[in-house]
Structures are given as C-alpha cells and as structure tokens.
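Welcome, and thanks for taking a look at this one with us. Here is a short briefing to read alongside the sequence and the model.

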Amino acid sequence: MPQPHLYVARTLTPAVMAELDDLGLPVVAGEEAPPARDRLLAGIAGAAAAIVTLTERVDAELLDAAGPQLRVVANVAVGYDNIDLEAAAERGVVVCNTPGVLDDATADHTFAMLLATTRRVVEADRFARTGRPWIWGPNMLVGLDISADATLGIVGFGRIGRAVARRAHAFGMRVITSDPGLNVGDAVDGVTVVGFEELLATADVVSLHVPLLPSTRHLIDASALARMRPRSYLVNAARGGVVDESALIDALRSGHLAGAALDTFEGEPRINPEFAGLENVVLQPHIASAGDRTRDAMCRLAVRNVTRVLAGEPAETPVRTPVATA
Ligand code: GLV
C-alpha cells in the first residue's frame, strides 16, 4: 500500500507551495485552475488529507472516492458552503476553514466596494476612459456622502462584520447591525443591535456578512429589497446565494436602489450578464480576501490544520456548527 498522501486541489501561494515539501508526506497537487470533477475524484483517492478551496464541492461522492483513510479536509476559505458537513461527520472526517486571518483584508475590500458604489468610483473611471468631453460641474457624478450621518447596516456581526464596523466608525458613519446571536437594543463595540426589519428600513448602506446557509439563501429577496430605503445601497462580500440576483437587478434598474457592489455571485464564476449592462453596480470577481499576506496566512492555516489532525491533535480551526439566520 502506498503511503496516504496530502491532496492539494489547487496551487496555493508560492511561499506555501514551497513549504509543502517539508511536511514529510507525499503531496499530490493540482493546478492553478480548479480541477475537473473526474480529476478531483482521482486526485483525492487514497489521500489522508485534502486542502481544497471554495471551488471544490466536497460531498459524499468525493469523500467516498477518497476512501476511509481520509482524516481531514481543510478549506482555504472562511466560508464552507461547498462542503457537506454532515457527510464529513458521518465518515469521521474533520472539516476546517480559515477564520480570523482574513478579517482585515475582507473588511478593507468591503469598504473599498462601499466607497466605490456610493461615490461612483468605477462608473467615473469608465466615463473618464471614454474620451467624451467633460468639465467640472456641481452636479457631475454626485454620490452619497457616507460621513455625513449616513447609516451602515451590517447584517451578521461576526469577525468580518465587526472589522467593517471599525472602518465605518473611522469614516464617521452611524453603524447598526442585525445578528441572531445578539439582543436587539444592546450596543456592541459602539454598534446598536436592531432587528433585521429595522436595519432594512433604516440603513443607507446594507452590507452582508452572513454565511450561506439554508436559512440565509436569498435573505435579500424582492421583498427584502422593497423594504430597504429608497435610494439605498447594497454591498455583498459574503456569498452570492444570500441575494436573489434577479430581484436585485430589478431594484437597480428601477432606481429603488441607488447602487450595489458585489464580490460574489450565485452561479460563480458566471456573472449574470444583465449586471454588466447596469451603470450602478460594481462587480468584483470574488477577491475580498485577496491581500498578499492574507492569502499566505489562509494557505498556511489550512496546512497547519492538516498537520495537526494527522499528528492526532485537535485542528486549529475546525468548522463549528453554524449559527442560523440574520
Ligand atoms: C472567501 O470567500 C472565503 O470564504 O474565505
């Protein structure tokens, strides 16, 4: 029997790829692009551990293809909606994610998107590139003043939501949050906890920071969008499935929402082409955690989780049972 290997589904950062040789176990590594399903099934067969990313669906079929010696699956992402936790638990496989190390990078990018949509940064860049004649004017490309008493509503007050709140406070925004784990009326880190309905009705900008769970799928649907303030903004650096994209397109088209900034999409990597025709949406190809040190830290944490479980120790960041809705 060959020694069970570590399967690495996709090329990690260069620094971490170089360190894999020191682990003392055979490594089978995929490529930069996500492996096709048959390559994934073949690559994981006989593995003791697997490092995957959010592009790999880890389900009963994949776990069975790996075989009974599989001990741990480490996701290079804080989100884990690509992994069937129940199927893993049934097979005694530990599942890990990468919380903590990406909070600042993700919050930075959330804030970049918030500014980009409210101050029309990308739209202005597109305009400037057209070569069309222009002259400064009081009414040209006017957006929302976020520091003039604007309210940010953070849906989901976990680590990333809190990091976004710190940035918003520095910009002078009023910040409210809704989170099922917090009591309405409390103040946490200077942020007032409100109900989801009040957040929708009050916020000038709604920013989503919940995991994708059955209970959060399409949390922002046509009805929730209708309950948002007229001419408000939506920012989504969580998961595409939290938003009903067709309903969002309608709300952007009608002008009920002034704008949106999206880092994630329901059918990734496909982006609904209707978005591309809208001037008031900022589109990002799922890069909110793509800071240089952050990506190294995410990959290193995945490797540490693997080595600890293979050494018979508890994982550093095993996925814990998720809290449900917003
Ligand atoms: C990225 O989307 C992540 O979940 O870390």
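Where is the place of valine 206? This is a predicted model, and in it valine 206 sits in strand S10, residues 205-208. Valine 206 is buried, at a relative accessible area of 0%. Its C-alpha atom is 7.8 Å from that of serine 232, although 26 residues separate the two along the chain.

**Around the ligand**
- The ligand is surrounded by Leu54, Ala77, Val78, Gly79, Leu102, Arg239, His286 and Met298.
- Polar backbone atoms of valine 78 and glycine 79 each lie 2.8 Å from an oxygen atom of the ligand.
- Arginine 239 brings a polar side-chain atom to 2.7 Å from a ligand oxygen atom.
- Of the 190 Å² of accessible area that the ligand has on its own, the protein covers 89%.

**Salt bridges**
- The structure holds 18 salt bridges.
- Arginine 239, met above at the ligand, also pairs with aspartate 81 through their side chains, at 2.9 Å from N to O.
- Arginine 239 lies in the loop between strand S11 and helix H10, and aspartate 81 in the loop between strand S4 and helix H4, so this salt bridge ties together parts 158 residues apart in sequence.
- Arginine 239 is buried at 13% relative accessible area, whereas aspartate 81 is partly exposed at 37%.
- Arginine 167 and aspartate 108 form a salt bridge with an N to O distance of 2.7 Å, linking helix H7 to helix H5 across 59 residues.
- In that pair, arginine 167 is buried at 18% and aspartate 108 is partly exposed at 41%.
- Arginine 229 and aspartate 204 also form a salt bridge, with their closest N and O atoms 3.3 Å apart.
- Here the partly exposed partner is arginine 229, at 36%, and the buried one is aspartate 204, at 15%.
- A network of salt bridges links Arg37, Arg57, Asp59 and Glu61.

**Helix H5**
- Helix H5 runs over residues 103-118 and spans 22 Å from its first C-alpha to its last, close to the 22 Å expected.
- Because 12 of its 16 residues are buried, H5 is largely enclosed by the rest of the structure.
- Among those buried residues are His109, Phe111, Met113 and Leu114.
- After H5 comes arginine 120, which has a positive phi near 55 degrees.

**At the surface**
- Trp134, Trp136 and Met140 make a nonpolar surface patch of about 430 Å².
- Methionine 140 belongs to the loop between helix H6 and strand S6, and counts as partly exposed at 31% relative accessibility.

Key
Residues numbered from 1 in each chain as written. Predicted model: local features only at pLDDT ≥ 70, side-chain atom pairs only at ≥ 80, totals over all residues. Heavy atoms only, no water. Patch = residues over 30% accessible without salt bridge, like charges linked within 9 Å, V, L, I, M, F, W, Y side chains within 5 Å. Areas by Shrake-Rupley, 256 points an atom, 1.4 Å probe, with all protein chains shown as cover. Salt bridge = Lys/Arg side-chain N within 4 Å of Asp/Glu carboxyl O. Helix = DSSP H or I, 4+ residues; strand = E, 2+ residues; numbered from the N terminus. Buried < 20%, exposed > 50% of the residue type's maximum accessible area, 1.4 Å probe, protein only. Expected span 1.5 Å × (residues − 1). Near = heavy atom within 4 Å. Polar contact = N/O pair within 3.5 Å; in protein donor to acceptor, adjacent residues only side chain to side chain.
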